[in-house]
Amino acid sequence: MGHPPIKRYFAAEQIRVAEEATGRLLADGVLMRRAASGLAGAVAAELRSRHGAVYGRAVTLVIGSGDNGGDALFAGAVLRRRGVAVSAVLTAPDRAHAAGLAAFRSAGGRVVDGVPDTAELVVDGVVGLRGTGPLREAAAAVFAQVRVPVVAVDVPSGVDADTGVVHDPSVRAEITVTFGARRIAHALAPAACGRVEVVDIGIDADGARVEMLSDRDVAEGWPLPGPASTKYTQGVVGVIAGSDRYPGAGILCSAGAVAATSGMVRYVGSAAATVVDHFPEVVVAPDLDGAGRVQAWVVGPGAGTDDAALELLRRVLATDVPVLVDADGLTVLAHHPELVVERHHPTLLTPHDGEFERLAGRSPGHDRLSAVRGLASALGATVLLKGKVTLVADPGGEVLVNDAGNSWAATAGAGDVLSGIAGALLAAGLSPRVAGAAAARVHALAADLAADGAPIGASELARAVRPAVRSLRAVR
Ligand SMILES: NC(=O)C1=CN([C@@H]2O[C@H](COP(=O)(O)OP(=O)(O)OC[C@H]3O[C@@H](n4cnc5c(N)ncnc54)[C@H](O)[C@@H]3O)[C@@H](O)[C@H]2O)[C@@H](O)CC1
Ligand SMILES: Nc1ncnc2c1ncn2[C@@H]1O[C@H](COP(=O)(O)OP(=O)(O)O)[C@@H](O)[C@H]1O
Ligand SMILES: [K+]
């Protein structure tokens, strides 16, 4: 059996093109009937899993003015015929989908003024692909009263399909049922979307530029030693991190690099003695001249922002191996963007929001996808924007997304570990985008394993990198 391929996320326009390519299926409403039938199936499955039955349960639809509401109304008709008590609140009564409303009514569906207390599940059919801005007043007033799980049709209303911006107010769904292919919001706004189910309606969307690696993709791409491997063939990563003032950054960054792959880690900097104390396998040098060859550099964590740091950054970026710049390195770079703009070798920048602002001159704001793409394009480098949802954008606009799924990594020094992991992957030959996304996945999993329900420090996170890789490799 094949494994689920890389997940692809499409813009509303790409979905529209795919729908239109079906010609009559769209015009005759076949696509909508398929969507509605899949939606009804998902709602029924949810009722069964929560209440042990479909027949006799109670569902309320909240309906807006477009086809999103049409999907919900046709689904309501199907559910009604399966013995569900279905009611509908029309937030724009004059503009509700006419055919859907007729089908709903003739199946015995009731139009009501508000969500009844008896409702066990609410279906959000307010707005879908064409939604803009927050939930408008009528729908917002309805959802303010909802205390039961919500199944969103296509996207939770108030969440922008193409950017994943979660407006206030907006719907927070337990499940989002979508049609034909995933929308970008499903990757960027996981908390609002809940579990995403894709119903096959017979369309073929094409040209996704936002993707997410599956666990299997990460495991299969992870560099492992083979019979012909030596420490060199697997990639030597050079770490320039830490200082007398911040020796910890050198240790944590090295820890990530040592744990991630089995090649070799070189360390350059004034924390050399401390780093060797922690990791005898790291080969250290006090300066770049004595460092030896590497297949990738990580530069920046705790490395300072003075003239010497600038000079070091300049020399590293002048090499032809992949370079990851993080933390202090990014602060220095913010004053000398030409160092990356004029570089023509793989480069990965890993800012958090503050560093992003220094580099871009503005904070990432709510539309993080556009922000990270803009910076990657402006600098001609791959940019990994950190957060619970990490975005890794290439200059051309292709983006890999990673949802950490937990927030235990929000702790000092966790970023140093991330850059060590990603640097080791760069040295092993992964592209900056894949190295960044795969590192983010393992990092988030390591945080979860290390935490096991209680807060952690970055050292524990680093110690869990191996168990994280192991557990991904166990995925079948
Ligand atoms: N065209 C088709 O045959 C298919 C369409 N599908 C459904 O159709 C949806 C798209 O339908 P539409 O193009 O009619 O657009 P929507 O239903 O997304 O939006 C309709 C109207 O909602 C209003 N609106 C926008 N933002 C709003 C907000 N924040 N609060 C309240 N109202 C707002 C706008 O005036 C807009 O015209 C998809 O999301 C999907 O659910 C599916 O049935 C698959 C097939
Ligand atoms: N709320 C969060 N949920 C999940 N992961 C987070 C969260 N906040 C930060 N992270 C992750 O933790 C790491 C923090 O890195 P960074 O901000 O550079 O910290 P430091 O500089 O202290 O090492 C990044 O990998 C980031 O993606
Ligand atoms: K919706």
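The exercises below, each with a worked solution, concern a predicted model.

**Exercise 1. Strand S5 and its neighbours**

Determine how strand S5 (residues 121-125) is placed in the structure, buried or exposed, and which strands pair with S5.

Solution. Begin with burial, for which a residue must have 20 or more other C-beta atoms within 10 Å of its own. Five of the five residues of S5 are buried, so the strand is largely enclosed by the rest of the structure. Next, consider the two faces: in a regular strand the side chains alternate between the two faces of the sheet. In S5, Leu-121, Val-123 and Gly-125 point one way while Val-122 and Asp-124 point the other way, and all of them are buried. Then turn to the pairing, where strand S2 (residues 58-63) runs parallel to S5 over five bridges, with Leu-61 having Val-123 as its bridge partner in S5. Strand S6 (residues 150-153) also pairs with S5 in the parallel sense, over three bridges, and here Val-123 stands opposite Val-151 in S6. Finally, follow the chain from S5 to S6: it passes through helix H6 (residues 137-144), and this β-α-β crossover is right-handed.

**Exercise 2. The units around strand S12**

Trace the connections that lead into and out of strand S12 (residues 264-268), and establish which handedness they have.

Solution. Start from the strand itself, in which five of the five residues are buried, so S12 is largely enclosed by the rest of the structure. Met-264, Arg-266 and Val-268 point one way from S12, whereas Val-265 and Tyr-267 point the other way, all being buried. On the incoming side, strand S11 (residues 236-240) is paired with S12 in the parallel sense through five bridges, and Ile-240 stands opposite Val-268. Between these strands lies helix H10, and S11, H10 and S12 together make a right-handed β-α-β unit. On the outgoing side, S12 and strand S13 (residues 283-285) form a parallel pair over three bridges, Tyr-267 standing opposite Val-284 in S13. The chain reaches S13 from S12 by way of helix H11 (residues 272-278), and this β-α-β crossover is likewise right-handed.

**Exercise 3. The geometry and burial of helix H10**

Compare the span of helix H10 (residues 247-260) with the expected value, and decide how far the helix is enclosed.

Solution. The helix has 14 residues and reaches 20 Å from its first C-alpha to its last, which is close to the 20 Å expected at 1.5 Å a residue. As to burial, 14 of the 14 residues of H10 are buried, so the helix is largely enclosed by the rest of the structure.

**Exercise 4. The two ligand shells**

Describe the residues around ligand 1 and ligand 2, using a C-beta cut-off of 6 Å.

Solution. Take ligand 1, which has 26 residues around it, the nearest being Gly-66, Asp-67, Asn-68, Gly-128 and Arg-130. The elements contributing two or more residues to this shell are helix H3 (30-51) and helix H4 (67-81). By class, the shell around ligand 1 holds eleven nonpolar, nine polar and six charged residues. Now take ligand 2, where Lys-386, Lys-388, Ser-407, Ala-409 and Gly-415 come nearest among the 17 residues around it. Helix H17 (residues 414-427) gives the most to the shell around ligand 2, namely four residues. The classes in the shell around ligand 2 are seven nonpolar, seven polar and three charged.

**Exercise 5. An annotated span**

Relate the UniProt feature at residues 9-209 to the model.

Solution. The unreviewed UniProt entry places the feature "domain: YjeF N-terminal" at these residues. In the model, residues 9-209 are 38% helix and 19% strand, and their end C-alpha atoms lie 7 Å apart.

Technical notes: Residues are numbered from 1 along each chain as its sequence is written. Chains are lettered from A and ligands numbered from 1 in the order in which they are written. This is a predicted model: local features need pLDDT of at least 70, side-chain atom pairs count only at pLDDT 80 or more; totals for chains, interfaces and linings use all residues. A residue is near a molecule or strand if its C-beta atom, placed from the backbone, lies within 6 Å of it. Ala, Val, Leu, Ile, Met, Phe, Trp, Tyr, Cys and Pro count as nonpolar, Asp, Glu, Lys and Arg as charged, and the others, Gly among them, as polar. UniProt positions are given in the numbering used here, feature names are shortened, and annotations may be inferred rather than shown by experiment. A residue is buried if 20 or more other C-beta atoms lie within 10 Å of its own, exposed if 12 or fewer, and partly exposed in between; C-beta atoms are placed from the backbone. Two strands pair if DSSP finds at least two bridges between them. A crossover is right-handed if, with the strands pointing away from the viewer, the path from the first strand over the helix to the second runs clockwise. The expected span of a helix is 1.5 Å times one less than its number of residues.
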